[in-house]
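Biologist: I would like a close look at a single part of this model, the salt bridges. Please explain the terms as you go, for a first-year student.

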Amino acid sequence: MSKPEPNSDAEAESSSNSNSAAAVTGASGNVEFVRVHIGSEAYVFELGCVNKLVRSPSLARVPRTPPTIAGVAEIQGNVTAAIDGRTLLETDNREGVTQRILVVFARMTHDQTAGILVDGIEGIETHPVDMIAPLNSTDEPEEPDGDWFKAVVDEKTWVFDPEQLTEAARRDSDQQVN
């Protein structure tokens, strides 16, 4: 497994969103994932859902936003909302982490660019589709709190759903303002 070194100029190769459909429909083939660490736990994102990795982005805190929103950053001319992965998952600081990485999601159905702050990137890995179980399957392990996941890989690694993450952050922000 390779260990990419993200920097402000590094862009993750985006594969088509057909990988997303393959992961949840049971189609054959392989799916590539970016493995990240938040606290002491590892999670994955489908590679096709990741647009860019930015090391230690300069964040501006937005008044009256919930703690799950770490701030906003200007990334390639776009204002990008940064979700704090540690706060979202209620985990402690990973020991020895001095720089965090913003995983910027590929554009989704809305115009807001968003991403999640993680403690580290382990690399890119490939898994056969038959090792990916959609949520609510009969043999899935106990699901962690939150509705930010769409599948589990090898019965132990949770697959984040960027659309759900962004929507949860949006709901938190709307509740904070109201």
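Modeller: What follows describes the chain as a whole, then its salt bridges, then the core and two loop residues.

This is a predicted model, in which local features need pLDDT of at least 70 and side-chain atom pairs count only at pLDDT 80 or more, while totals for chains, interfaces and linings use all residues. Residues are numbered from 1 along each chain as its sequence is written, and side-chain values use heavy atoms, with hydrogens and water left out.

The chain has three helices and eleven strands. Helices (H or I, at least four residues) and strands (E, at least two) are DSSP runs, numbered from the N terminus. Read from the N terminus, their order is α-β-β-β-β-β-α-β-β-β-β-β-β-α. Of the 178 residues in the chain, 48% are buried. Buried means under 20% relative accessible area, exposed means over 50%, and partly exposed is in between (1.4 Å probe, protein chains only).

Now to the part you asked about. Side chains of opposite charge can pair when their charged atoms come close. A salt bridge is counted when a side-chain nitrogen of Lys or Arg is within 4 Å of a carboxyl oxygen of Asp or Glu. By this rule there are five salt bridges.

One of them joins Glu125 to Arg35, with the closest N and O atoms 2.8 Å apart. Glu125 lies in strand 8 (residues 120–128) and Arg35 in strand 1 (residues 30–38), so this pair ties together parts that are 90 residues apart in sequence. Glu125 is buried, at 9% relative accessible area, and Arg35 is buried too, at 12%.

Another salt bridge is formed by the side chains of Asp84 and Arg100, at 3.0 Å from N to O. This pair links distant parts of the chain, 16 residues apart: Asp84 is in strand 5 (residues 78–84), and Arg100 is in the loop between helix 2 (85–88) and strand 6 (101–105). Both residues, Asp84 and Arg100, are buried.

Asp119 pairs with Arg86, and here the closest N and O atoms are 2.6 Å apart. Asp119 sits in the loop between strand 7 (113–118) and strand 8, and Arg86 sits in helix 2, so that distant parts of the chain, 33 residues apart, are linked. Asp119 and Arg86 are buried as well. The residues Asp84, Arg86, Arg100 and Asp119 belong to a network of salt bridges.

Next, the nonpolar side chains. A nonpolar core is a set of buried Ala, Val, Leu, Ile, Met, Phe, Trp, Tyr and Cys residues joined through side-chain atoms within 4.5 Å. The largest such core has 30 residues, and those with the most contacts inside it are Phe45, Val103, Ile116, Phe160 and Leu165. A contact means heavy atoms within 4.5 Å. Leaving aside residues up to four places away in sequence, Phe45 touches several others, among them Glu32, Val50, Val103, Ile116, Phe160 and Leu165.

Last, two loop residues. Ser56 has a positive phi of about 40° although it is not a glycine. Ser56 lies in the loop between strand 3 (50–55) and strand 4 (69–75), and at 36% relative accessibility Ser56 is partly exposed. Arg64, in the loop between strand 3 and strand 4, has a positive phi of about 65° and is not a glycine either. At 55% relative accessibility, Arg64 counts as exposed.
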